[in-house]
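Open the model in your viewer and keep the sequence panel visible. The stops below are meant to be selected in order.

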Amino acid sequence: MIQRIKKIQLPKIVDERGNLSFLENGSQLPFEVKRAYWIYDVPGGEKRGGHAYMELDEVVIALSGSFDVVINEGDGEKRYVLNRSYDALYIPHLVWRSLENFSTNSLALILASTTYNERDYIRDFNAYLKARESNGISI
Ligand code: TYD
């Protein structure tokens with residue numbers, strides 16, 4: 001079945017000492033987390049990402065500051081603004097995505113369903129469109 005991009009609202013435990021959010025395997029996410037990485041100290045105007053994955057599913061969270069996740073599934077760009085540390089954006093495999101428009105001191109946390117594997121990356125947009133087609137995903 002084709003999975004869809006979706007925002008997942010994480011629990012937020014409001015506390016006057018400071019708020020707390022969490023996620024754990026088996027509940028908030030539609031996959032088991034195998035890897036975490038984070039992007040920070042992004043100079044103004046820079047972009048990260050700009051590729052798709054053959055198999056990897058992920059969620060992206062703006063732990064601090066804000067940035068945009070720009071998605072292209074072959075029918076133009078869609079922009080998701082992330083600026084809450086309790087909002088996770090779920091991105092399934094075979095979705096072209098980039099991270100842009102980082103605010104000063106923003107911190108992007110990415111939780112991934114696989115360990116790092118360069119061979120899982122699709123870095124060419126036309127190859128991405130072909131991979132979608134050969135996996136039976138229409139635009
Ligand atoms: P990459 O995912 O290619 O970043 P971007 O798509 O924003 O250019 O990662 C950049 C480099 O970091 C890549 O060449 C290898 C390394 N890297 C790891 O070693 N492990 C990881 O989990 C990630 C995400 C990247």
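The tour goes from one strand to its partners and then to the ligand.

This is a predicted model, in which local features need pLDDT of at least 70 and side-chain atom pairs count only at pLDDT 80 or more, while totals for chains, interfaces and linings use all residues. Residues are numbered from 1 along each chain as its sequence is written, and side-chain values use heavy atoms, with hydrogens and water left out.

Select strand β10, residues 96–100. Strands here are DSSP runs of E with at least two residues, numbered from the N terminus. Because 5 of the 5 residues of β10 are buried, the strand is largely enclosed by the rest of the structure; buried means under 20% relative accessible area (1.4 Å probe, protein chains only). Trp-96, Ser-98 and Glu-100 are on one side, with Arg-97 and Leu-99 on the other.

Add β7, residues 67–72, which runs antiparallel to β10 and is joined to it by 5 bridges. Ile-71 stands opposite Arg-97. Two strands pair if DSSP finds at least two bridges between them.

Next, select β5, residues 48–53, which pairs with β10 in the antiparallel sense over 3 bridges. Here Gly-49 has Ser-98 as its bridge partner.

Now show the ligand. Which strand gives the largest share of the shell around the ligand? That is β5, with 3 residues. Residues surrounding the ligand, each with a heavy atom within 4 Å of it, include Tyr-37, Gly-49 and Tyr-116.

Finally, display the side chains of Arg-48 and His-51. A polar atom of Arg-48 lies 2.7 Å from a ligand oxygen atom, and one of His-51 lies 2.8 Å from a ligand oxygen atom.

Methods: Buried means under 20% relative accessible area, exposed over 50%, partly exposed in between (1.4 Å probe, protein chains only). Helices (H or I, at least four residues) and strands (E, at least two) are DSSP runs, numbered from the N terminus. A polar contact is a pair of N or O atoms within 3.5 Å; within protein, one must be able to donate a hydrogen and the other to accept it, and residues adjacent in sequence count only if both atoms are side-chain atoms.
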